[in-house]
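Colleague: I have not looked at this structure before, and I would like to learn how to read it. Could you take me through it one feature at a time?

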Amino acid sequence: MSRNDDNWLLRVRNLTKIYGEPNDKTLSLTGPLFNSNICPETDSIVACAEIDFDLYPGEVLGIVGESGSGKSTVVKLLYFDMEKTLGGAWLRPYTNGLSNILEESNQKKRFIRNNLMGMVYQNPRDGLNFRFSSGGNIAEKLIMAGQMHVGDIRARASDLLNKTEVPVQRMDDRPSSFSGGMQQRVQISKAIANNPPLLFLDEVTTGLDVSVQARVLDLIRELQQDLGIAMIVVSHDLSVIRMLTDRTLVMKDGRIVESGLTDQILQDPQHAYSQLLVSSLL
Amino acid sequence: MVENKKYVNKYNFAFIDEATKKEIRRKLLKAVAIPGYQVPYSSPEMPISRGWGTGGLHVTLAVIGKADVFKIIDQGSDASVNACNLREFVHMMTNCKTTYDTTEATLIQTRHRIVEEELNENQIYIYQVPQPEPLRSVERYENKTRQMHGEADYAKMWVSLYESFVRHGDIMFGAGYPVKVNDRYVMAPSPIPKWDIPNINDSKALHLFGAGREKRLYAVPPYTKVEPLEFEDVKFHPEDFSSYECFKTGYNKAYLDELYFDDGSKHYVINDSNFLDKMVGHAPLNQHSNKYLDKLKHEQE
């Protein structure tokens with residue numbers, strides 16, 4: 001696929017999230033250079049700052065970094081789970097990329113979330129409602145996008161569960177009775193229910209045992225190839241990043257310290273922190 | 001106790017003081033202006049405790065005038081304890097005429113039923129509401145439900161209907177079936193049976209709802225669209241009485257109560273006591289008409 005400045009799917013500029021009350025110097029006194037994301041003057045915490053990147057259709061972008069580096073914050077800001085402090089994001093399928101989605105009204109944000117995005121959280125409890133059946137969870141996403149026919153909803157839900165290898169007989173059971181891997185697959189079904197062009201995966205395999213991890217990763221790769229969804233994969237696990245992603249951002253203390261092709265970063269890391277990450281790979 | 005000798009009447013007309021009545025009326029105006037929207041109000045102290053019909057009573061006492069004719073029913077009956085006591089109280093405080101006759105009344109307070117006879121433009125219909133929040137079953141936090149109403153985000157409600165259908169093969173709301181008012185707000189119609197739901201739609205009367213314990217007022221103005229939530233293929237339907245009939249009149253196109261006689265036998269009787277009395281006495285009756293009832297009557301012919 002051709003990459004030029006004009007065919008981006010998601011454009012993120014200067015995305016910043018600060019907790020507390022920052023002053024003028026907060027941004028210049030934090031970051032990897034200072035080995036801290038806490039402002040020494042105001043004690044405000046810079047969860048992430050000055051995040052710039054473009055995501056292209058069908059591309060898989062990895063965000064890697066240690067815990068607390070702000071990688072989850074980036075996807076949560078983009079999925080409207082948190083309010084940004086500064087910056088903007090533009091999504092091509094929404095108003096042809098002309099309006100900053102982070103500054104839209106809640107109603108419009110909900111529309112974008114339901115129709116143009118999907119999110120898979122590390123903990124299935126964040127993405128699924130455990131009081132509803134797994135079919136009901138998928139139905140929620142479909143209903144939010146305006147689907148009001150129970151027969152059609154159930155057909156689509158069983159289709160999705162088939163695709164993600166969850167036994168369809170268990171469609172009307174609650175996810176609380178499922179294993180961790182199955183819960184994660186239900187979450188993936190829900191996230192892709194409306195064929196979104198963009199999917200966020202936040203530490204999806206953390207906490208699953210290795211064989212289940214492999215199957216979930218396989219599934220994600222298949223979906224990516226079949227449906228051509230663009231993805232942002234957040235992980236601290238470089239093997240997940242290597243398996244799934246084309247391009248990678250390395251984050252530390254809320255900033256991007258290095259970005260480039262995944263292979264390049266793994267073979268020839270430039271930044272000291274990336275080198276440390278790669279060398280500590282088992 | 002020090003006797004109050006300064007005034008001829010011990011209480012203000014309709015018990016509540018004028019300033020508080022004004023407050024309730026203003027909130028009612030807001031409720032009428034935004035059909036289905038829950039307006040917070042003061043819910044002042046009454047001689048009965050909150051949650052025992054104070055919401056309905058507040059509304060009644062705030063809007064009643066000297067010329068009004070008052071009727072009150074509890075589960076369809078003019079004679080049950082709650083109805084008798086509140087009727088007595090309103091009569092003592094206002095000296096208004098009270099009646100059992102649905103067509104004669106100008107102000108009808110109700111607990112959990114809509115009368116079978118059609119309401120007219122001169123009538124105000126007042127509900128006692130235990131739980132005004134239709135989303136409470138799917139979202140326990142008030143700030144969240146208010147936000148959901150504000151953004152018309154009713155997906156969770158719909159999923160709970162879906163879940164109910166999947167689990168039980170039908171949408172299991174026996175009473176208080178959620179409705180959408182004027183294509184905007186989802187509203188709890190108070191625990192009236194499904195039978196009554198279609199009768200709020202496009203009604204000629206003004207419907208006012210008071211929830212005293214929860215301190216909320218809301219309203220459905222006359223001629224307003226009120227639709228039960230239903231899917232394209234799973235529809236709302238009222239209770240089915242086709243295989244029963246009232247043991248006194250043989251009629252089965254009204255909401256029926258189940259009765260057990262002393263010998264253990266089961267019978268059914270029309271729930272609306274005034275409707276039953278009129279039917280037994282062969283008085284003229286003008287029953288509500290709605291698409292479900294009309295279909296039922298049509299099938300019979």
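Modeller: What follows takes up confidence, a strand, the core, the contact between chains and two single residues.

Modeller: This is a predicted model, in which local features need pLDDT of at least 70 and side-chain atom pairs count only at pLDDT 80 or more, whereas totals for chains, interfaces and linings use all residues. Residues are numbered from 1 along each chain as its sequence is written, while chains are lettered from A and ligands numbered from 1 in the order in which they are written.

Colleague: What is the mean pLDDT of chain B?

Modeller: pLDDT is the predictor's confidence in each residue, from 0 to 100, and where it is low, the predicted coordinates should not be read in detail. For chain B the mean is 93, and 100% of its residues reach 70 or more; the model scores ipTM 0.85 and pTM 0.88.

Colleague: Why is strand S7 of chain A described as largely enclosed?

Modeller: A residue is buried if 20 or more other C-beta atoms lie within 10 Å of its own, exposed if 12 or fewer, and partly exposed in between, with C-beta atoms placed from the backbone. Strands (E, at least two residues) and helices (H or I, at least four) are DSSP runs, numbered from the N terminus. In S7(A), residues 230–235, 6 of the 6 residues are buried, so the strand is largely enclosed by the rest of the structure. In a regular strand the side chains alternate between the two faces of the sheet. Here Ala230(A), Ile232(A) and Val234(A) lie on one side, Met231(A), Val233(A) and Ser235(A) on the other, and both faces are covered.

Colleague: Which strands pair with S7(A)?

Modeller: Two strands pair if DSSP finds at least two bridges between them. Strand S3 (residues 60–65) of chain A pairs with S7(A) in the parallel sense over 5 bridges, with Val60(A) opposite Met231(A). S6(A) also pairs with S7(A) in the parallel sense over 5 bridges, and there Asp202(A) stands opposite Val234(A).

Colleague: Which residues touch the most other members of the largest nonpolar core?

Modeller: A nonpolar core is a set of buried Ala, Val, Leu, Ile, Met, Phe, Trp, Tyr and Cys residues joined through C-beta atoms within 7 Å. The largest one has 144 residues, and those touching the most other members are Leu201(A), Ile232(A), Val233(A), Val250(A) and Leu28(B). Strand S2 (residues 45–55) of chain A gives the most to this core, with 6 residues.

Colleague: How many residues of chain A are in contact with chain B?

Modeller: Two residues are in contact if their C-beta atoms, placed from the backbone, lie within 7 Å. By that rule 17 residues of chain A are in contact with 13 residues of chain B. On the chain A side, the elements giving two or more residues are helix H2 (106–116), helix H4 (134–144) and helix H5 (150–163), and H4(A) gives the most, with 6 residues.

Colleague: Is Ile265(A) buried or exposed, and how does Thr106(B) count?

Modeller: Ile265(A), found in helix H9 (residues 262–267) of chain A, has 26 C-beta neighbours inside 10 Å and therefore counts as buried. Leaving aside neighbours within four places in sequence, its contacts include Thr248(A) and Val250(A). Thr106(B), in the loop between strand S3 (97–98) and strand S4 (107–111) of chain B, counts as partly exposed because it has 19 such neighbours inside 10 Å.
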